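Student: I would like to go through a structure and learn where its descriptions come from. Please show it.

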Amino acid sequence: MSKIKQKDLILYSALIIFGLFAPFIFSAFKVQLTYLCILIVLAMTWNLQGGEMGYNTFGNILFYGLGMYLCASVQVGMFFPLAEWTESGGEKTFVHTTAQYFQGMGVGLLVAAIVPTIVAGAIGYAILGLRGHYFAICTLGLGIAGGEIAGGIEIIGAGQGFTTPPFPAEIVDNEARGEFFYFLSFVLLIAAFVFVKYIYGSRFKLILNAIRDNEDKAEAMGIQTMKYKITGWMCSAFFCGLAGGIMGGLIGYIDSTDVAFDGREMGVFMVLMAILGGKGTLWGPVIGATLFHIFKEGLWTLILGWQYVALGVLIVVIVIYFPEGLMGWLREKYPERFGEVIDEKDRKASVELK
Amino acid sequence: MDFLIFKVPMLMVQASLDGILLGILFALIAYGMALQWGVMNIINIAQGDLVILGGYIAYTMYLAGIHPAWGVIVSPIIMYFVGWYLYKLVINKVVDRDLFISILATFGIAIVMQQLMNFIFGADVVVAQSEYGTTMLFDNSVTLPNSKIFSAVVSILYAIALVFYMKKSKLGRAIRATAQNARAAKILGVDTEKVYAATFGINAALCGIAGALIAITLTLHPYVGLPYTVRSFMIVIVAGLGNLPAVALSGMGLGVFEEFADYILGTEFRIGAVFLLLVFILVYRRFKLAKKREYLK
């Protein structure tokens, strides 16, 4: 037992050291690495929902977009009138000082984490009572409604978008901005991973799995399923909100349907990454997100203009041919590595039956 | 918020008539969705994009100098084969599997279709002019484009034709049998694979008709498919599978709701209101069923 733990320790410390030094070694890819961290967080938290609980949601984008708008609004609104900022060219009139920028970012991220969590808790009781595909379609509707409504609200820029505060001009060093956002997202990634890992070792995960496998029976066994479902959704919302907040600062510009409530890109990506890696596994979403990101960044420029066609085809192929994902495939192939014991006699018997 | 509509009764008449005519069109799309949902048990997110593709077929005819109204005959024929090939290519692999897989797979198809339409037809908002003129009612205070009336009439005619076809023809009987029990139908000699392909083709053809009508009455854009999917989904869950009068009624109801939302909330919130209505309907039904300790299946 201790041997495995030692192995894990080496793996984790290697990954953390890599994460710490990556922006300096691959300084040209800092933004990509930041994206990767955010994508992994999104995939992992989606996995809590779709993989462990069996509630396939398209609606986590709602919390992502909400976090993005909230973080930027708080960051601006703490010091300047928000309405004037979002008027055309308004962002040029006001300039954040360095202290104001970081203060605003800190408070903004706090709000971006808390409010989506509360929203998830508030709507959870109504929405999570739906099951299966009704839940999927309902959350799809929620995400898109969020984008359409945000695109009509004047104070956050409506259709013309919202420019988030630029990085303080006093820090002239261009590298600093990238490093700041990288480490912010890296800390978020570690926090999310530790949290998900903790959940994987807890009773909570077993309850989520029970809900996935058979909700009625779980209820009959005395589990208050609704309570756990809402808690699970709130956990996802917390990290999605934070990820959105960081992403808003990184991109520097928020558009209601193309950046924030981007159901067509981010909302699909998180589902796709989790499925590609393998739903319901700890490492699946991490691997899936990494592979997807490499594929996306590597091929996107080669097939300029055809990205969405490639994305759509990719979705269809993955969903039809690899619904179990990479981890599921490995598990099928090397079950002993996953700690599964196979009764050889039993296996042969089932093969003969076929 | 603007409550002008409640102060001017003629505006209400206008909105209701517009909504009803539009709703009949939605009902036609929803009927296609109910058909394939009932028979094949898949939810087709690409439904709206099939509609838009049908619309672009009519638009192409308009560009070629043919009157776009002929699209209601040409476009379903082309779309039937599009649907048939789509079934052979992708859909046949997701039938009998988890519904979420069909949702995701058709989502992928939707993305591909949107992008291809964007390449072929451009990202501009287009409309095919039918030049049918308008009808004035109540001392010119209510104006109805004749194209909308035309579209409602065509939709009703096609719906009636389809109902008769489903009742009387051999294929219609096979489709209904497969919807009731696919396995039993197979045992009794129905080629379910063929039935599924035909069902998806008919669904696509219905989308093609609706699309051609939308090209005349409303506007076309490669990315506006999803709202049509959501509308038809909404109509189907309110009306239930295979209940045609209810589908027509809830379609009209949705149309009227949309027109009123347009007047009250403003055009920029129209699509948002549609999606929120979907959420409200689902949540309402969930609470209603929860009283009986049941849930939506």
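Student: Which residues in H12(A) meet which residues in H14(A)?

Tutor: A:Val268, A:Leu272, A:Ile275 and A:Leu276 in H12(A) meet A:Ile315, A:Ile318 and A:Val319 in H14(A). Two residues are in contact if their C-beta atoms, placed from the backbone, lie within 7 Å. Helices here are DSSP runs of H or I with at least four residues, numbered from the N terminus. This is a predicted model, in which local features need pLDDT of at least 70, side-chain atom pairs count only at pLDDT 80 or more, and totals for chains, interfaces and linings use all residues. Residues are numbered from 1 along each chain as its sequence is written, and chains are lettered from A and ligands numbered from 1 in the order in which they are written.

Student: What makes the residues of the contact of H12(A) with H14(A) nonpolar, polar or charged?

Tutor: Ala, Val, Leu, Ile, Met, Phe, Trp, Tyr, Cys and Pro count as nonpolar, Asp, Glu, Lys and Arg as charged, and the others, Gly among them, as polar. By that rule the contact of H12(A) with H14(A) has seven nonpolar residues, no polar and no charged.

Student: Why is H10(A) called mostly covered?

Tutor: A residue is buried if 20 or more other C-beta atoms lie within 10 Å of its own, exposed if 12 or fewer, and partly exposed in between. In H10(A), 19 of the 27 residues are buried, so "mostly covered" applies.

Student: How do you know what span to expect for H10(A)?

Tutor: The expected span is 1.5 Å times one less than the number of residues. For the 27 residues of H10(A) this is 39 Å, and the helix reaches 38 Å from its first C-alpha to its last, which is close.

Terms used. Helices (H or I, at least four residues) and strands (E, at least two) are DSSP runs, numbered from the N terminus.
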